[in-house]
Amino acid sequence: MIRKSFGAISAFVFLSGCQMNNQTEESSPENASTTSESGNFGRGAISDGKDTNASEAPTRKLSDSAKSIVIYFSRSGHTEELAKEISETIDSDILELQVKEPYPSNYEETENRATYERDNELYPELSTGIPDLTQYQTVILGHPIWAMTLANPMVTFIQGYEKELEGKIVTSFSTNAGYGSGDTFQRLSELLPKSNIEEVYTVEDRNADEDKDNLNRWLSDF
Ligand SMILES: Cc1cc2nc3c(=O)[nH]c(=O)nc-3n(C[C@H](O)[C@H](O)[C@H](O)COP(=O)(O)O)c2cc1C
């Protein structure tokens with residue numbers, strides 16, 4: 001097993017969420033129960049070399065009629081796969097968020113940068129043109145879990161579009177490396193106090209293909 005640090009998450013590790021939750025629940029995923037001697041927890045994703053923000057054209061399918069939109073960020077492709085599947089299943093619009101300065105494919109470098117950004121509240125600038133969101137009743141945010149919370153670029157988006165998301169149904173799906181959704185639901189509720197935050201869905205990245213029943217159950221609400 002590859003062991004990587006998730007930065008300053010030790011306080012959060014045992015607060016990982018279940019598959020679908022609107023509360024933080026105590027659980028200990030099989031590989032979350034031990035720490036290495038260096039104090040690092042668990043494994044991290046190895047970039048698959050297809051970092052979506054690096055070279056691929058961003059996903060962007062917008063219509064005049066859709067009532068729902070999937071807005072997602074993905075560094076190494078797991079969340080992106082899920083985003084496309086969700087959007088196809090519910091026939092929604094879809095928009096990929098990109099950062100002006102892509103994260104490196106190297107995991108440690110990404111983690112260092114992400115930790116610095118989070119500690120200093122210097123969330124990365126987006127390069128994505130955000131469409132008018134007025135037509136959407138439901139906004140489904142997709143993101144990896146970083147340090148047991150929303151990945152930094154999603155925080156940038158939410159902070160910039162809090163007003164536009166007011167009054168809308170907002171939820172999120174995420175992929176993680178085995179520790180659940182962390183404080184995702186609470187964080188969304190804090191960042192978007194005037195939106196209607198619905199139950200969130202998360203899945204361990206390597207299990208996404210086997211979790212269709214849970215995914216479809218969650219999706220049936222939207
Ligand atoms: C900077 C960084 C921090 C991470 N922190 C966590 C974490 O706290 N808990 C966890 O389960 N996975 C963590 N991961 C793993 C990712 O959430 C997981 O691999 C996810 O599927 C990556 O999604 P993506 O391929 O869409 O970028 C972290 C990954 C990175 C790069």
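Is Glu117 buried or exposed? In this predicted model, Glu117 has a relative accessible area of 6% and is therefore buried, since a residue counts as buried when that value is under 20%. Glu117 does not stand alone, for its side chain forms a salt bridge with Arg113, in which the closest N and O atoms are 2.8 Å apart. Because Arg113 and Glu117 are four residues apart in helix H2, about one helical turn separates them. This fits a general property of such helices: an α-helix has 3.6 residues a turn, so residues three or four places apart point the same way.

A search of the whole structure finds six salt bridges, and the one between Arg113 and Glu117 can be set beside another that involves Lys100 and Glu125, whose closest N and O atoms are 2.7 Å apart. Here Lys100 belongs to the loop between strand S4 (93-96) and H2, while Glu125 belongs to the loop between H2 and S5, so the pair ties together parts that are 25 residues apart in sequence. Both of these residues, Lys100 and Glu125, are exposed.

A further salt bridge joins the side chains of Asp209 and Lys212, with a distance of 4.0 Å from N to O. Asp209 counts as exposed because its relative accessibility is 58%, whereas Lys212, at 24% relative accessibility, counts as partly exposed. These two residues also take part in a network of salt bridges that links them with Glu85.

From the salt bridges we can turn to the ligand, which is surrounded by 23 residues, the closest being Ser74, Ser76, Thr79, Thr175 and Asp205. Sorted by class, this shell has eleven nonpolar, nine polar and three charged residues. Several elements contribute to the shell, and at least two of its residues come from each of helix H1 (78-90), helix H2 (107-119), strand S5 (138-146) and strand S7 (169-176). Looking at single atoms, one finds a polar side-chain atom of Asp205 at 2.7 Å from an oxygen atom of the ligand. Backbone atoms, N or O, also approach ligand oxygen atoms, with a distance of 2.8 Å for Met148 and of 2.9 Å for Ala177. Taken alone, the ligand would expose 640 Å², and the protein buries 98% of that area.

Strand S7, which supplies residues to the shell around the ligand, also holds Ser174. With a relative accessible area of 1%, Ser174 is buried. Although Ser174 and Val200 are 26 residues apart in sequence, their C-alpha atoms are 8.2 Å apart in space.

Two helices, H4 and H5, show how burial can be arranged around a helix axis. In helix H4, which covers residues 184-191, the buried residues include Thr184, Phe185, Arg187, Leu188 and Leu191. When one looks down the axis of H4, its buried residues fall within an arc of 165 degrees, so they line one face of the helix. In helix H5, made of residues 212-219, Asn214, Leu215, Trp218 and Leu219 are buried. These residues cover an arc of only 130 degrees around the axis, which puts them on the same side of H5. The face of H5 that is turned away from this buried side carries Asp213 and Arg217, which are exposed.

Conventions
Residues numbered from 1 in each chain as written. Predicted model: local features only at pLDDT ≥ 70, side-chain atom pairs only at ≥ 80, totals over all residues. Heavy atoms only, no water. Near = heavy atom within 4 Å. Polar contact = N/O pair within 3.5 Å; in protein donor to acceptor, adjacent residues only side chain to side chain. Areas by Shrake-Rupley, 256 points an atom, 1.4 Å probe, with all protein chains shown as cover. Nonpolar A, V, L, I, M, F, W, Y, C, P; charged D, E, K, R; others polar. Buried < 20%, exposed > 50% of the residue type's maximum accessible area, 1.4 Å probe, protein only. Arc of directions from axis to C-beta.
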